[in-house]
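Here is a short briefing for a first look at this structure. Keep the sequence and the 3D view open while you read.

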Amino acid sequence: MTQGRLILAATPLGDVRDASPRLAEALAEADVVAAEDTRRLRSLAAALEVVPRGRVVSFYEDVETARLPKLLESLRAGESVVLVTDAGMPSVSDPGFRLVAACVEAEIPVTCLPGPSAVTTALALSGLPCDRFCFEGFAPRKPGERAKWLAALRDEPRTAVFFESPHRLGSLLADAAAALGEDRRAAVCRELTKTYEEVKRGSLASLAEWAADGVRGEITVVLEGAAPRAVSVPDLVAEVAARVAAGERLKSAAAEVAEATGVSKKELYDAVLAARKTH
C-alpha cells in the first residue's frame with residue numbers, strides 16, 4: 001500500500017493575500033486537514049475561495065498527542081494530511097513538531113509548503129544584522145527562568161528573535177535592559193502584515209519606556225547580538241562562583257562561561273579550583 005504524506009503548510013500572518021496558490025490547492029485537495037483552530041481554517045478557506053474536500057480535524061497543543069495515532073493511521077493508509085496553524089509555519093512555536101517527529105520515525109514522507117514566518121519577517125525588518133541569528137521561541141514567564149534566560153543572552157553574539165505576549169512586553173524589556181545593558185539595541189515588531197503593523201527600533205531602555213503603558217497585538221522581538229567583551233580569568237572565576245552559589249554544578253557553570261567567552265574550559269576550571277584553595 002502506498003503511504004500518504006504529511007504536508008506542512010505555512011499560512012498568512014495577517015494579510016490573506018500572502019497565501020500561496022499551492023496552499024489553496026493543498027487545502028482543497030487534501031484527504032485530511034489538521035488545523036490549530038478549525039474556525040480560523042474555515043475563514044482562511046473562505047477568503048481563498050476554497051472548500052476543503054477532506055476531513056477537517058482540530059490539532060492544537062492540548063490534543064496534539066492524542067491526535068497522533070489517528071493521523072498516522074491515515075498517512076499509512078495512503079491519505080495526504082495537510083497541517084496548518086493559525087499563522088506562519090507549523091511546528092515553529094506552534095503545534096506540529098510531535099507529528100513531524102512521529103512521521104520521521106515511521107518513515108512517512110514529510111514535505112513543506114513554504115510561506116510566511118514571523119521570525120524571518122521581523123528579522124528582515126529589524127535593521128539588525130541578519131547574517132547569523134538564533135530563534136528563542138517564547139520568552140520564559142517565570143522570573144527565575146527569565147533571569148537565567150537573559151543571562152544566557154548577555155554574551156550571545158548572534159541576533160536573537162523571540163516572541164512575547166503584549167501584556168508582558170514592558171516588564172520583559174525592562175528586565176532585559178537591566179540584565180543586558182540599557183544601550184543594547186532591539187526592535188519590537190507588532191501586528192506584522194496587518195493593518196496596524198508597527199516596528200519600533202531603539203535601545204532596550206527606550207523600548208521599555210515605550211511599552212511601559214502596554215501594547216496590543218502579536219509581538220516579535222529582535223535583539224542585537226552582544227559585542228565581544230574583554231575578559232579576564234579572575235572576573236570569570238567570580239562569575240562561575242556566583243553561579244555555583246546560585247545552585248549550578250561547578251563543571252557545567254565553568255563550561256558554559258568558558259564557551260560564552262571563548263576561554264579554555266580547563267584553564268577556567270583549574271582557576272576556580274585554585275581560587276577555592278586560597279580562601
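The points below cover the sheets, the helices that pack on them, one buried residue and the nonpolar core.

The model is predicted. One open sheet has five strands with parallel pairing. Another open sheet of five strands has mixed pairing. Strands of a sheet pair through backbone hydrogen bonds, either parallel or antiparallel.

**The parallel sheet**

- The strand order is 3-2-4-1-5.
- Strand 3 (55-58) and strand 5 (110-113) are the edge strands, and each pairs on one side only.
- Neighbouring strands of this sheet are turned by 25° against each other on average, direction ignored.
- Strand 2 and strand 3 run parallel and are joined by four bridges.
- Ala35 has Ser58 of strand 3 opposite.
- Helix 2 (residues 38-47) packs on this sheet and touches strand 2, strand 3 and strand 4 (81-84). The direction of helix 2 makes about 140° with that of strand 3.
- Helix 4 (residues 97-105) also packs on the sheet, where it touches strand 1 (6-9), strand 4 and strand 5. The direction of helix 4 makes about 150° with that of strand 1.

**Val32, a residue of strand 2**

- Val32 lies in strand 2 (residues 32-35).
- Is Val32 buried or exposed? Val32 is buried, because its relative accessible area is 1%, and buried means under 20%.
- Leaving aside neighbours within four places in sequence, Val32 is in contact with eight residues listed here: Arg55, Val57, Leu71, Ser74, Glu79, Ser80, Val81 and Val82.
- Leu44 is 12 residues from Val32 along the chain, and their C-alpha atoms are separated by 16 Å.

**The mixed sheet**

- The strand order is 6-7-10-8-9.
- Strand 6 (133-138) and strand 9 (198-203) stand at the edges. Each has a single partner strand, so one side of each is left without a neighbour in the sheet.
- On average, neighbouring strands of this sheet are turned by 15° against each other, direction ignored.
- Strand 8 (residues 185-190) pairs with strand 10 (residues 219-223) in the antiparallel sense, over five bridges.
- Arg190 has Ile219 of strand 10 as its bridge partner.
- Helix 8 (residues 204-211) packs on this sheet and touches strand 8, strand 9 and strand 10. The direction of helix 8 makes about 135° with that of strand 9.

**Helix 5**

- Which residues of helix 5 (residues 118-126) are buried? They are Ala118, Val119, Ala122, Leu123 and Ser126.
- Seen down the helix axis, the buried residues of helix 5 fall within an arc of 130°, so they line one face of the helix.
- These buried residues pack against strand 6, strand 7 (159-164), strand 8, strand 9 and strand 10.
- Gly127 follows helix 5 and has a positive phi, near 80°.

**The largest nonpolar core**

- The largest nonpolar core has 23 residues. Leu169, Leu173, Leu204 and Leu223 touch the most other members.
- Helix 6 (143-153), strand 7, helix 7 (169-180), strand 8, helix 8 and strand 10 each give two or more residues to this core.
- Helix 7 gives the most, with six residues.
- Beyond its neighbours within four places in sequence, Leu169 is in contact with Glu164, Val188, Trp210, Ala211, Val215, Ile219 and Val221.

Terms used
Residues are numbered from 1 along each chain as its sequence is written. This is a predicted model: local features need pLDDT of at least 70, side-chain atom pairs count only at pLDDT 80 or more; totals for chains, interfaces and linings use all residues. Side-chain values use heavy atoms; hydrogens and water are left out. Two strands pair if DSSP finds at least two bridges between them. Axes are lines fitted to C-alpha atoms, for helices over the stretch in contact, and angles run from 0 to 180 degrees between N-to-C directions. Contact means heavy atoms within 4.5 Å. Buried means under 20% relative accessible area, exposed over 50%, partly exposed in between (1.4 Å probe, protein chains only). The arc is that of the directions from the helix axis to the C-beta atoms. A nonpolar core is a set of buried Ala, Val, Leu, Ile, Met, Phe, Trp, Tyr and Cys residues joined through side-chain atoms within 4.5 Å.
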